[in-house]
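Student: I would like to go through this model one residue and one strand at a time. Can we begin with a single loop position and work inward?

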Amino acid sequence: MPETNEQYLQTPSQTVGPFFGYALPYEGGPEVAPPWRDGAIRLHGTVLDGDGEPVPDAILEVWGADADGAPISRQGSLQRDGYTVTGFGRAAVDRAGHYSFTTVRPGAPAPGRAPYLLVTVFARGLLHHLFTRAYLEDGDPFLASVPQERRTTLLATPDGENSYRFDIRLQGEGETVFLDFVGDGRG
């Protein structure tokens with residue numbers, strides 16, 4: 001039996017994954033809205049590490065508003081029926097780090113604001129998931145507060161009819177702007 005606590009050192013924190021790749025995806029997860037629905041868009045891209053290499057075991061979640069900019073509060077995200085738009089989706093990336101969602105084009109959340117989708121990233125090497133936004137248009141007060149050289153990392157690029165590309169760089173040159181949500185201390 002050791003005589004001091006010095007021999008019982010705390011072990012370093014461990015990252016989640018890559019085992020979550022088989023546990024969290026679910027059938028229809030990336031299809032927030034069916035592709036045939038009026039106003040449906042595709043949001044897709046690649047998740048890259050600090051060296052610009054694809055991350056093959058990340059999972060992304062998106063949350064979006066409806067076409068009027070109002071939060072969607074319908075249930076059924078985990079059991080897709082092919083018709084209901086719940087505003088939430090989850091997609092695993094493929095081996096090339098690519099992901100794709102089909103959702104509705106969100107409206108602006110308020111006058112003078114630009115439409116966006118909230119994006120959460122879970123990946124190897126992350127102790128905590130990351131939050132960002134994929135803006136579908138420029139001209140938002142929040143975007144204006146981001147330094148010009150970093151602003152483009154929050155803008156999804158139109159790359160076809162009703163299709164937007166949004167690559168996510170986890171660190172290094174061109175790192176995506178990630179957001180830190182701080183609670184108000186009330187739990």
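**From a loop to the core**

Tutor: T84 sits in the loop between β2 (59-63) and β3 (88-92). The model is a predicted one.

Student: Is T84 buried, partly exposed or exposed?

Tutor: Buried requires a relative accessible area under 20%, and exposed requires over 50%. The relative accessibility of T84 is 29%, so this residue counts as partly exposed.

Student: Which residue does the side chain of T84 meet in a polar contact?

Tutor: Leaving aside neighbours within four places in sequence, T84 is in contact with V32, R74 and Q75. Of these, V32 is 52 residues away along the chain, with 8.2 Å between the C-alpha atoms. The polar contact, at 2.7 Å, is made with the side chain of D81.

Student: Where is T102, and is it buried or exposed?

Tutor: T102 belongs to strand β4 (residues 98-104). The limit for buried is under 20%. T102 has a relative accessible area of 17%, so T102 is buried.

Student: Which residues is T102 in contact with, leaving aside neighbours within four places in sequence?

Tutor: Two of them, A40 and I41, fall within β1 (40-48). The full set is P30, E31, V32, A33, P34, P35, A40 and I41.

Student: How many bridges join β1 to β4?

Tutor: β1 and β4 run antiparallel. One opposed pair is A40 and V104, the latter in β4. The number of bridges joining β1 to β4 is seven.

Student: In which sense does β1 pair with β8, and which residue is the bridge partner of H44 there?

Tutor: Strand β8 covers residues 163-165. β1 and β8 pair over three bridges, in the parallel sense. Within β8, the bridge partner of H44 is R165.

Student: Which residue of β9 is the bridge partner of V47?

Tutor: Strand β9 (residues 168-169) is joined to β1 by two bridges, and the two strands run parallel. The partner of V47 in β9 is I168.

Student: How many of the residues of β1 are buried?

Tutor: β1 has nine residues and is mostly covered. The buried count is eight.

Student: Why is β5 described as largely enclosed by the rest of the structure?

Tutor: β5 spans residues 116-122. Its enclosure follows from burial, because the buried residues number five of the seven.

Student: Which residue of β5 stands opposite I59?

Tutor: β2 and β5 pair over five bridges in the antiparallel sense. The residue opposite I59 is F122.

Student: What is the bridge partner of V121 in β6?

Tutor: β5 and β6 run antiparallel and are joined by six bridges. Not counting residues up to four places away in sequence, V121 touches I59, L60, L126, H129, L130, I168 and L170. Its bridge partner in β6 is L130.

Student: Which residues touch the most other members of the largest nonpolar core?

Tutor: In soluble globular proteins, nonpolar side chains tend to be buried together. The largest nonpolar core here has 29 residues, and those touching the most other members are L43, L60, Y99 and V121.

Student: Which elements give two or more residues to this core?

Tutor: Another core of eight residues lies apart from it, with A114, Y116, V146 and V177 among its members. For the largest core, the elements are β1 (40-48), β2, β4, β5 (116-122) and β6 (130-135).

Terms used:
Residues are numbered from 1 along each chain as its sequence is written. This is a predicted model: local features need pLDDT of at least 70, side-chain atom pairs count only at pLDDT 80 or more; totals for chains, interfaces and linings use all residues. Side-chain values use heavy atoms; hydrogens and water are left out. Helices (H or I, at least four residues) and strands (E, at least two) are DSSP runs, numbered from the N terminus. Buried means under 20% relative accessible area, exposed over 50%, partly exposed in between (1.4 Å probe, protein chains only). Contact means heavy atoms within 4.5 Å. A polar contact is a pair of N or O atoms within 3.5 Å; within protein, one must be able to donate a hydrogen and the other to accept it, and residues adjacent in sequence count only if both atoms are side-chain atoms. A nonpolar core is a set of buried Ala, Val, Leu, Ile, Met, Phe, Trp, Tyr and Cys residues joined through side-chain atoms within 4.5 Å. Two strands pair if DSSP finds at least two bridges between them.
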